[in-house]
Amino acid sequence: QVQLMESGGGSVQAGGSLRLSCSGSGFPQRGYCMGWFRQAPGKEREGVASIYTDGSTASYADSVKGRFTISQDNAKNTLYLQMNSLRPEDTGMYYCAAFQTRRPWLCDYGEYLYNYWGQGTQVTVSS
């Protein structure tokens with residue numbers, strides 16, 4: 001059973017950086033899509049970035065390209081989201097998620113495919 005837990009959220013000023021981490025019991029080592037999602041107050045949850053467990057097919061939402069980097073350290077059983085040049089519009093609850101698949105190209109097809117979710121970590125960016 002995969003259980004995920006996020007950490008690393010906090011409050012920063014615009015232009016600052018944060019690194020989110022996701023780890024937990026049964027952490028996926030291979031054959032999984034891993035993703036980061038976020039939900040701002042009053043808005044629907046949206047995909048931020050995704051990656052396959054072999055490190056391939058990293059994908060990003062247009063709004064974070066060039067600023068965020070998703071990565072995975074299998075030795076530490078941890079998924080990361082490095083967030084630089086943060087903006088107030090990046091504020092929200094950030095979730096990591098995973099689903100098992102042999103098809104890496106599905107990683108950015110939508111959150112409905114993800115069946116393992118963490119409880120989220122709050123990121124607040126002030127102007």
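**Two residues with positive phi**

User: What is the relative accessible area of S85?
Analyst: In this predicted model, S85 falls in the partly exposed class (from 20% to 50%, with buried under 20% and exposed over 50%; 1.4 Å probe, protein chains only). Its relative accessible area is 41%. Residues are numbered from 1 along each chain, and local features need pLDDT of at least 70, side-chain atom pairs 80 or more, while totals for chains, interfaces and linings use all residues. Side-chain values use heavy atoms, without hydrogens and water, and the value asked for S85 is 41%.

User: Good start! Where does S85 lie?
Analyst: Think of two strands (DSSP E runs of at least two residues, numbered from the N terminus). One is β8 and the other is β9, residues 92-100. S85 belongs to the loop between β8 and β9.

User: And what is the phi of S85?
Analyst: S85 is a residue other than glycine, yet its phi is positive. The value is near 50°.

User: Which loop holds N77?
Analyst: Happy to place this one too. The strands on its two sides are β7, residues 68-73, and β8, residues 78-83. N77 is in the loop between β7 and β8.

User: What phi does N77 have?
Analyst: N77 is not a glycine, but its phi is positive. That angle is about 50°.

User: Then how does N77 count by relative accessibility?
Analyst: Let's take the number, then the class. N77 has 30% relative accessibility. Therefore N77 counts as partly exposed.

Terms used. Helix = DSSP H or I, 4+ residues; strand = E, 2+ residues; numbered from the N terminus.
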